[in-house]
Amino acid sequence: VYQIHEDKNGYYWVVTERGISFYEGSKFWRALNHKSPEVFTKVSIRVEDSQGRLWIRYLLEDDINFRVIESGSRKEISSEGLLPDIPEFKGLKDITINDGGDLFIIDKGGTLWVKYANQKEWKYVLGDLAPDFDFVFRTNFKAPWIWGPTFPDEVKREMGLVDLKKG
């Protein structure tokens, strides 16, 4: 078992070498699998958004990919329409959410974007992030942590993030 996630409905999602399954009280059901088992050694459920969608990140041939599953229906859905639909967006690298339900993403070009819970459009926040920038997830903290550049204090306050480099 690589990861266990409890969704908002109380179901448990389990990432193993054979794929992603969910447990609904009496048995496990397969939700997502891949022809190549080594993919799931590099999988993580990154976030469950305010709509109950699980954002799953995996590496395939050293390229970051995402799949989205609706936790209620347990069906995979397209991420088209969920991400910024503008030429400046360079593909999803990572995603996190704060306590207010605001989604934050980093694109593969090093740009940070936000989609506030009460808005439909993505907003540019900060560009030119270091290539090693990533969100670090810890289940025992309310706010996601960041690893990479030091953000201006006003950006950190807006995001509700804790900067690992400052402790």
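Biologist: Let's start with His5. Leaving out residues up to four places away in sequence, which residues does His5 touch?

Modeller: Keep in mind that this is a predicted model. With sequence neighbours set aside, His5 touches Tyr11, Tyr12, Trp13, Ile45, Glu48 and Leu54. His5 itself sits in strand S1.

Biologist: Is His5 buried or exposed?

Modeller: Buried means under 20% relative accessible area. His5 has 18%, so His5 counts as buried.

Biologist: And with which side chain does the side chain of His5 make a polar contact?

Modeller: With that of Glu48, at 3.2 Å. Glu48 is also on the list of residues that His5 touches.

Biologist: You put His5 in S1. How do I read the sheet that S1 belongs to, and what is its strand order?

Modeller: Read the order across the sheet, then look at which strands sit at the edges. Here four strands make an open sheet, ordered S1-S2-S3-S4, and they pair in the antiparallel sense. S1 (3–6) and S4 (28–32) are the edge strands, each pairing on one side only. On average, neighbouring strands in this sheet are turned by 25° against each other, direction ignored.

Biologist: How many bridges join S1 to S2?

Modeller: Four, and the two strands run antiparallel, with S2 covering residues 12–16. To find your place along the pair, look for Gln3, which stands opposite Val15 in S2.

Biologist: What is the order of the other four-strand open sheet, S5 to S8?

Modeller: The order is S5-S6-S7-S8, again an open sheet with antiparallel pairing. Its edge strands are S5 (43–48) and S8, and each of these pairs on one side only. The twist from one strand to the next averages 35°.

Biologist: Which residue in S6 stands opposite Val43?

Modeller: That's Tyr58. S5 and S6 (residues 53–60) pair over five bridges, in the antiparallel sense.

Biologist: Now the inside. How many residues are in the largest nonpolar core, and which have the most contacts inside it?

Modeller: Look for buried nonpolar residues whose side chains join up into one set. The largest such core has 15 residues, and the ones with the most contacts inside it are Trp55, Phe66, Leu83, Phe89, Leu92, Ile95 and Ile105. Strands S7 (63–70), S9 (92–97) and S10 (103–107) are the elements that give two or more residues to this core. There is also a second, separate core of 12 residues, which includes Trp13, Val15, Phe22 and Ile69.

Biologist: Take Phe89. What is Phe89 in contact with, leaving aside neighbours within four places in sequence?

Modeller: Leu83, Pro84, Ile105, Asp107 and Trp113.

Biologist: What about backbone oddities? What is phi of Arg74?

Modeller: Near 60°, which is a positive value in a residue other than glycine. Arg74 lies in the loop between S7 and S8 (75–77). Its relative accessibility is 25%, so Arg74 counts as partly exposed.

Biologist: Let's zoom out. How many helices and strands does the protein have?

Modeller: One helix and 15 strands.

Biologist: And what share of the residues is buried?

Modeller: Of 167 residues, 47% count as buried. For the surface, the accessible area comes to about 9,600 Å², and 47% of that belongs to carbon and sulfur atoms.

Biologist: Among contacts between residues at least 6 apart in sequence, what share joins residues at least 24 apart?

Modeller: That share is 32%.

Note on methods
Residues numbered from 1 in each chain as written. Predicted model: local features only at pLDDT ≥ 70, side-chain atom pairs only at ≥ 80, totals over all residues. Heavy atoms only, no water. Pairing = 2+ DSSP bridges. Axes fitted to C-alpha atoms, helices over the stretch in contact; angles between N-to-C directions. Core = buried A, V, L, I, M, F, W, Y, C linked by side-chain atoms within 4.5 Å. Buried < 20%, exposed > 50% of the residue type's maximum accessible area, 1.4 Å probe, protein only. Contact = heavy atoms within 4.5 Å. Areas by Shrake-Rupley, 256 points an atom, 1.4 Å probe, with all protein chains shown as cover. Polar contact = N/O pair within 3.5 Å; in protein donor to acceptor, adjacent residues only side chain to side chain.
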